[in-house]
Amino acid sequence: MKPKIYKELIDLGDGREISIETGKLAKQAHGSVVVQMGKAMLLCTVVSNYKTSPVDFLPLTVDYREKFAAAGKYPGGFFKREARPSDGEVLTMRLVDRVLRPLFPKDYHFETQVMIQLMSHDEEVMPDALAGLAASAAIQLSDFPFECPISEARVARINGEFVINPSRAQLQESDIDMMVGASADSVMMVEGEMDECSEEEMADAIKFAHEAIKIQIDAQVKLAKAVGKKEVREYEGAVEDEDLSKKVHDFTYEKCYKIAKKGSSKAERSLAFSEVKEELISTFSEEEIEEKGDLIKKYFYKSEKEAIRNLTLDEGLRLDGRKTTDIRPIWCEVDYLPSTHGSSVFTRGETQALATVTLGTSREANQIDMPSYQGEETFYLHYNFPPFCTGEARPIRGTSRREVGHGNLAQRGLKGMIPEDCPYTVRVVSEVLESNGSSSMATVCSGTMALMDAGVQLKKPVSGIAMGLISDGDKHAVLSDILGDEDHLGDMDFKVTGTADGITACQMDIKIKGLSYDILVKALNQAKDGRLHILSKLTDTIDKPNADVKAHAPKMVTRTIPGDYIGSLIGPGGKNIQELQKTTGCTIVINEDPDTEEGIVEILGTDQEGIDAVLSNIESMLFKPEVGSIYEVKVIKILDFGAVVEYNEAPGNEVLLHISELAWSKTEKVTDVVNMGDVIDVKYFGVDPRTRKDKVSMKALLPKPEGYVERPKRNFDRNNKRGGYNKNKS
């Protein structure tokens, strides 16, 4: 039986459209849609178990995968099968998760999976911009308790005009690239990079994207209505006890308020809050603790959170004693690690990041192999968050999604300041050694200093700051440089990186509805003040990039050679280049420019003499003597029929000086005229048509003897296999 198909179209206003279709595929899922734009097609399915999970949170998994068949390609590697998700896929998962998760009820603890798959790819469509739309549309067709539909859109600014969901080619021309996630009435998530844009320009881009998102949400609502919106499932929520909640609040609120007001360190206040909690628990019997222990702890944390928030809203004070605009104390250091190519330590309050820089050739570029994009990065940043940085001991199971996301944010903040003519592949690694609020922004700061310490000629230094918000509807407080606790209990986490002249990257998660653009702009402007303060601390430590790389760091020189000479430099089986690398201690990488077909030679070495030797070898290979010119040469080999000489102007470039070209008189032995090591002048005559080899002459520079009679020339028979003269021809 042919399935009944439902479809809604979204007009992007420039001849492009997005379709949302359901009814054909994956009908056993609780909700499924196919979202199509051009030839790009995403299949999204959602399923949520009806049996509650034992964990005390929403076990939501958002999975985004790009199938290689979607682009007509094979997976790389030995097994030829899609395996662990790439960083690009992980970043898309995070973009969707951050918008969906807050819209499920807090007491909904049922295993939920959102699976998004790229089934068909279009070079003109970036599929990550459609993933949020697909996820929300599928959920609208399910019976999940979900607050409201959302969507996500990419906004770019090209030649001063905003564009929704641009192609990758268009994105190369833009100075703003942002992903925005929102409901019909609230912006919930922003992430992107900019070319030093202003706070007002960023707000305008968010507004533009929000208007497009409203249209996408309207299409979801129409589709759900056409299909027939399911009744929201009933589920057993968390048990509440109002009397117990009041008892806990009355016992702990004032105590927590006093602790918060002391302005103590993280360890001190954690201990003080724990003592209050233990004191609270001691007021209950063993039976009450066994029966309602989890509720008691839940209500305690609720009371603690309320006390901290009210302290900030009522008195403008924060957990560590700062006012809302204060930045924690900062100290910095560069050149901390003696053997790295560049290093720095950035410490702000109880957050510390140690950054290292490594310089390499194009061979060390980060290769990206996804169905939707293949390329390489010559600047990349890795972020590590070990458990000891928060005083914890827990299993280490590879790179987490959080580490991928935070590293990507810091990379986007810095990459625009790497000069286009930087000859190196640059890798930055941030080791977070302490964390109590915004280690990703500490990574940006330490990364900036480490790059300058390494001698990378940054266009401008970059700093970063994390902002927070606490609001009760009537009052609000924007917090600069938030603590980890303020991130958890606040209503917004807003990270901004930039130079003195503008924003380079941002990441924002908003947990409350209806945040006004006035508050958003206020937060951006307050962030600018804090960012500039932090920037001044960085430049006090190192005000400009070092003029050169460190003595032990590799120096990079690039040389362009004609494409015809690439094979000569490499040699048969790589013999020439391997020998050259061995004798000079340099790393040599040769790439062919696809546009000019020229060879680009990268020479990387710590010893300048070795680099010079490679350059000399290349110059010798490229040396072309001019007919009629005189050159100084050195005798390097004696043969019976002549001397092998090399041009002093191009060492290694050899030519035979035939015995007949040594003198006007007959020469019996070569050593009668020249010997090993002699430096002489010769004249270059070009290629001898008889031997097809370069001809040089020493006698041509000497005066002819008086009465000298030149012997008649005989024609050379190239068909004579013995290579002699044909006496039958005159």
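The questions and answers below concern a predicted model, in which local features need pLDDT of at least 70 and side-chain atom pairs count only at pLDDT 80 or more, while totals for chains, interfaces and linings use all residues. Residues are numbered from 1 along each chain as its sequence is written, and side-chain values use heavy atoms, with hydrogens and water left out.

Q: Which helix gives the most to the largest nonpolar core?
A: A nonpolar core is a set of buried Ala, Val, Leu, Ile, Met, Phe, Trp, Tyr and Cys residues joined through side-chain atoms within 4.5 Å, where buried means under 20% relative accessible area, exposed over 50% and partly exposed in between (1.4 Å probe, protein chains only). The largest one has 157 residues, and those with the most contacts inside it include Val 33, Met 202 and Phe 494. With 10 residues, the helix that gives the most to this core is α4 (residues 199-227).

Q: Which residues does Met 202 contact, leaving aside neighbours within four places in sequence?
A: Contact means heavy atoms within 4.5 Å. Met 202 is among the residues with the most contacts inside the largest core, as are Met 178 and Phe 494. Its partners are Met 178, Val 190, Met 194, Cys 197, Phe 494, Ile 503, Cys 506 and Leu 524.

Q: Which strands stand at the edges of the open sheet?
A: Helices (H or I, at least four residues) and strands (E, at least two) are DSSP runs, numbered from the N terminus, and two strands pair if DSSP finds at least two bridges between them. The 3 strands follow the order β22-β24-β23 with antiparallel pairing. Each edge strand has a single partner, so one side of it is left without a neighbour in the sheet. The edge strands are β22 (555-561) and β23 (587-592).

Q: Which residue of β24 is the bridge partner of Thr 558?
A: β22 pairs with β24 (residues 599-605) in the antiparallel sense over 7 bridges. On the β23 side, 6 bridges join β23 to β24, and there Val 589 has Glu 602 as its bridge partner. The partner of Thr 558 in β24 is likewise Glu 602.

Q: Which residue in the turn of the β23 and β24 hairpin has a positive phi?
A: β23 and β24 run antiparallel. The hairpin they form has 6 residues between the strands. The positive phi, about 60 degrees, belongs to Glu 597.

Q: Is α1 parallel or oblique to α2?
A: Axes are lines fitted to C-alpha atoms, for helices over the stretch in contact, and angles run from 0 to 180 degrees between N-to-C directions. The axes of α1 (residues 87-100) and α2 (residues 128-140) come within 9 Å and cross at roughly 40 degrees. Angles under 35 degrees count as roughly parallel, over 145 as roughly antiparallel, 65 to 115 as roughly perpendicular and the rest as oblique. The crossing therefore makes α1, relative to α2, oblique.

Q: How does α5 run relative to α6?
A: α5 and α6 (residues 266-281) pack with axes 10 Å apart, at an angle of about 165 degrees. Residues that meet there include Phe 251 and Ile 259 in α5 and Phe 273 and Val 276 in α6. The angle means that α5 is, relative to α6, roughly antiparallel.

Q: Is Lys 229 buried or partly exposed?
A: Lys 229 is found in the loop between α4 and α5 (242-262). Lys 229 touches Ile 139, Gln 140, Ser 142 and Ala 224, not counting residues up to four places away in sequence. At 44% relative accessibility, Lys 229 counts as partly exposed.
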